[in-house]
Amino acid sequence: MRPGRSLVFASLVLLPLLAAGCKKKIPDDTNDGSVDLPPPSATLQVAAVDPAFAPADRTIDAEIFGSGFESGARVSFSGAAATSVRFVDENALRVTVPAMAVGSYDVTVTNPDGTKSTLRKGLTLTEPGTATAACGPATVSFDFDSTVLSVSTRRDLDTLASCLRDVQSAARIEGHCDDRGTTEYNIALGQRRADAVHRYLVSQGVAPGRLRTVSYGEERPADSGGSDAAHAKNRRAEISVRE
């Protein structure tokens with residue numbers, strides 16, 4: 001075969017093969033790219049105990065607030081099991097605290113799958129008959145999504161700090177929010193508000209060991225309405241004082 005004809009023949013053979021190899025792939029319309037995701041779950045967190053102060057050596061009823069609680073959860077106080085636990089919802093448990101001695105106790109919630117969360121020194125038991133101190137109570141207000149203490153708030157806290165320096169009392173600072181935002185976000189925001197008050201009181205000479213902070217998030221509104229005025233009342237920190 002002549003050389004020119006050989007080249008033509010080779011080209012005729014290769015062209016169909018190249019065309020077959022360059023065909024565009026037809027997109028697969030059976031998969032729209034979506035992925036089935038599991039429903040979101042709340043992180044287990046113990047945020048607060050009510051009451052946080054109680055008489056020693058007697059059984060008491062209490063509520064535990066937080067997130068991610070499950071039916072069948074167990075509760076213990078520095079290893080001592082609650083005598084009863086009632087599941088209210090994922091944010092609240094009602095428990096009976098056994099009679100225990102004077103002291104501060106870690107509060108641990110354990111879900112049925114074994115996950116657990118602990119609020120360090122969340123419950124303090126005192127001698128029966130302890131009187132409430134003359135200082136406080138006091139309420140601190142906050143702007144929307146803020147932890148900043150206003151000038152008037154600082155003046156009120158100055159008065160409270162002066163009283164606390166003169167008495168041997170323990171103060172409990174509760175952080176609260178309105179109901180805008182997720183439960184977990186509001187628990188964190190309430191804690192930051194309580195911490196802001198804590199830091200200011202310490203800066204004014206109050207011993208940090210006498211101050212306890214907890215967050216209730218949106219769980220304990222001062223006003224259950226949905227107006228701007230109601231929201232303003234709920235953005236707060238409450239300070240209660242006990243000897």
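How are α2 and α3 set relative to each other: roughly parallel or oblique? Keep that in mind as you click through this predicted model.

**Stop 1: the helix pair.** Select residues 151–166 for helix α2 and residues 183–203 for helix α3. Their axes sit 9 Å apart, and the packing angle is about 60°. That falls outside the under-35 range for roughly parallel and the 65 to 115 range for roughly perpendicular, so α2 and α3 are oblique to each other. Turn the view until one helix lies over the other, and you'll be looking at a right-handed crossing of α2 past α3.

**Stop 2: the contact between them.** Now show side chains. On the α2 side, pick Arg154, Leu157, Asp158, Leu160, Ala161 and Leu164; on the α3 side, Val197, Tyr200 and Leu201. Colour this contact by class and you get 7 nonpolar residues, 2 charged ones and no polar ones.

**Stop 3: Thr153.** Stay in helix α2 and pick Thr153. Is Thr153 buried or exposed? Its relative accessibility is 7%, so Thr153 counts as buried. Leaving aside residues up to four places away in sequence, Thr153 touches Val140 and Ser141.

**Stop 4: Ala81.** Jump to strand β5, residues 80–81, and select Ala81. This one is exposed, with a relative accessible area of 52%. Which residues does Ala81 touch, not counting those up to four places away in sequence? Add Val75, Ser76 and Pro98 to your selection. For Pro98, draw a C-alpha to C-alpha distance from Ala81: it should read 7.6 Å, across 17 residues of sequence.

Technical notes. Residues numbered from 1 in each chain as written. Predicted model: local features only at pLDDT ≥ 70, side-chain atom pairs only at ≥ 80, totals over all residues. Heavy atoms only, no water. Axes fitted to C-alpha atoms, helices over the stretch in contact; angles between N-to-C directions. Helix = DSSP H or I, 4+ residues; strand = E, 2+ residues; numbered from the N terminus. Parallel < 35°, antiparallel > 145°, perpendicular 65-115°, else oblique. Left-handed = near helix turned anticlockwise from the far one by under 90°. Contact = heavy atoms within 4.5 Å. Nonpolar A, V, L, I, M, F, W, Y, C, P; charged D, E, K, R; others polar. Buried < 20%, exposed > 50% of the residue type's maximum accessible area, 1.4 Å probe, protein only.
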